[in-house]
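Q: Please take a close look at a single part of this protein and explain how that part is connected with the rest of the structure. A formal account suitable for a first-year student would be welcome.

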Amino acid sequence: MGIKRIGVLTSGGDAPGMNSCVRAVVRTALYHGIECYGIRRGYNGLISGDIIKLDEKNVSHIINRGGTILYTARSKEFLNEEGQKKAVSTCKFLGLDSIVAIGGDGTFRGARALSKWGINVVCIPATIDNDISCTNYSIGFDTAANTAIECIDKLRDTMQSHERCSVVEVMGRNAGYLAMYVGLAVGATAILVPEEPIDFERDVIEKIRAARFNGFTHYMIVVAEGAGSASEIANKIKEAIDLDPRVTVLGHIQRGGTPTGRDRVNATKMGYLAVEMLLQGRTNRIVCTHQGTFTDVDIDEGLAMQKHIQKMEVDVLAAMTGI
Ligand code: F6P
């Protein structure tokens, strides 16, 4: 297939490592003598023609930068056919035959819509939530997890000094992968995620009581935003037991910062693979990881897959918090 011009976009919530990935797409395209254009503000940029030519200079010194130089958005206009037609006519006008779409499920649905209009697309998973079913790894998760871990370690110092209880809310939208990982990493007293049924007395109060019985005097409760609000949980703890918990909502701080080495290297590999796939005619696919290796799946199949919290994580949590 004669790929001539690739467009690359970032869409949905930003994730550290998106820039590393954009850089890899551009450098791989140029390596093969293919032109590369950056589409700004996600699918909105494709609709409005907000597009810039990218070369090695535009993407220099961004491998280490959080956020996305292409900006990002969740485009409402692109959800309808009118918006999609405008986007396709921009592609035709600029001679963009292929698009690399970096983001989460919403981004992939957008790419699937483009593919129906004859544009070659390859998707790359990037979201701190790590909630994309077809892949174990998504760009940004590692950095976000490490940011949250660092914040909670700091919180622990003051919780320990004052012998307090902390309730920390971790991002993740409707998914608890980030909260579970972070909670295990900080040795939380309890972790609440939306995927697991919660019995408040058993999963929070009993855990605190058991920790106290064993001589602990401060308690760290990690809650995924999809499992409830930290302030509501703190209030319930206060009603149930003689503690006055402090609430911390980590919020968007988790989405920023210098990407970790892991995010940079994986983003670079995924960006490289996306362009190689386009060159080989392997289009309408999602680059992903499965059992420790890089692979890819058809967009429809990938979007239809289901993901679950690993049973092992649930078992480990029980062992780490059960007395
Ligand atoms: O999907 C990434 C994410 O950060 C979620 O964890 C969170 O629920 C959401 O985006 C927040 O979106 P916004 O940046 O629009 O507030």
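A: In this predicted model, L178 is in contact with I128, D129, F141, A144, A145, V170, M171 and Q254, once its neighbours within four places in sequence are left aside. Among these partners, F141, A144 and A145 are buried residues of helix 5, and that helix is the part examined here.

Helix 5 covers residues 141-162, which makes 22 residues. From its first C-alpha to its last, helix 5 reaches 31 Å, close to the 32 Å expected at 1.5 Å a residue. The helix is followed by E163, whose phi is positive, near 55 degrees.

Which residues of helix 5 are buried? They are F141, D142, T143, A144, A145, T147, A148, I149, I152, L155 and M159. The buried residues of the helix pack against several other elements: strand 6 (165-170), helix 6 (177-186), strand 8 (219-224), strand 9 (246-249) and helix 9 (261-279).

The packing against strand 6 can be followed through one residue. S166 has its place in strand 6. With a relative accessible area of 0%, S166 falls under the 20% limit and is therefore buried. Not counting residues up to four places away in sequence, S166 touches L155, M159, Y219, M220, I221 and R246. Two of the residues in that list, L155 and M159, are among the buried residues of helix 5.

A second example lies in the loop between strand 9 and helix 9, where G256 is found. G256 counts as partly exposed, at 28% relative accessibility. Leaving aside neighbours within four places in sequence, G256 is in contact with P16, T143 and T147; T143 and T147 are both named among the buried residues of helix 5. G256 and P16 are 240 residues apart along the chain, yet their C-alpha atoms are separated by 6.2 Å.

Helix 9, another packing partner of helix 5, contains T268. T268 is partly exposed, with a relative accessible area of 25%. Apart from neighbours within four places in sequence, T268 is in contact with S20, A24 and I63. T268 and Q84 are 184 residues apart in sequence, and 29 Å lie between them in space, C-alpha to C-alpha.

The wider setting of helix 5 is the nonpolar core. The largest nonpolar core has 58 residues, and those with the most contacts inside it are I6, V8, V100, I102, I124 and L178. Helix 5 gives the largest share of this core, 8 residues. Domain 1 (5-140 + 259-304) and domain 2 (142-255) both contribute residues to the core, so the core lies between them. As a general tendency, nonpolar side chains in soluble globular proteins are buried together. A second, separate core of 28 residues includes F78, V88, I99 and I299.

How many residues of domain 1 are in contact with domain 2? There are 13 residues of domain 1 in contact with 12 residues of domain 2. The centres of the two domains, taken over C-alpha atoms, are 34 Å apart.

Finally, the largest pocket has a volume of about 700 Å³. Of the 30 residues that line the pocket, G12, R74, G106, T107 and R173 are the closest to its centre. Helix 4 (residues 105-116) supplies the largest share of this lining, 6 residues.

Technical notes
Residues numbered from 1 in each chain as written. Predicted model: local features only at pLDDT ≥ 70, side-chain atom pairs only at ≥ 80, totals over all residues. Heavy atoms only, no water. Helix = DSSP H or I, 4+ residues; strand = E, 2+ residues; numbered from the N terminus. Expected span 1.5 Å × (residues − 1). Buried < 20%, exposed > 50% of the residue type's maximum accessible area, 1.4 Å probe, protein only. Contact = heavy atoms within 4.5 Å. Core = buried A, V, L, I, M, F, W, Y, C linked by side-chain atoms within 4.5 Å. Domains from an automatic or database assignment. 1 Å grid on protein atoms, 1.4 Å probe; cavity = no way out; pocket = protein on both sides within 12 Å on 5 of 7 lines; lining within 4 Å. Points joined across faces, edges and corners; volume = space filled by probe spheres on them.
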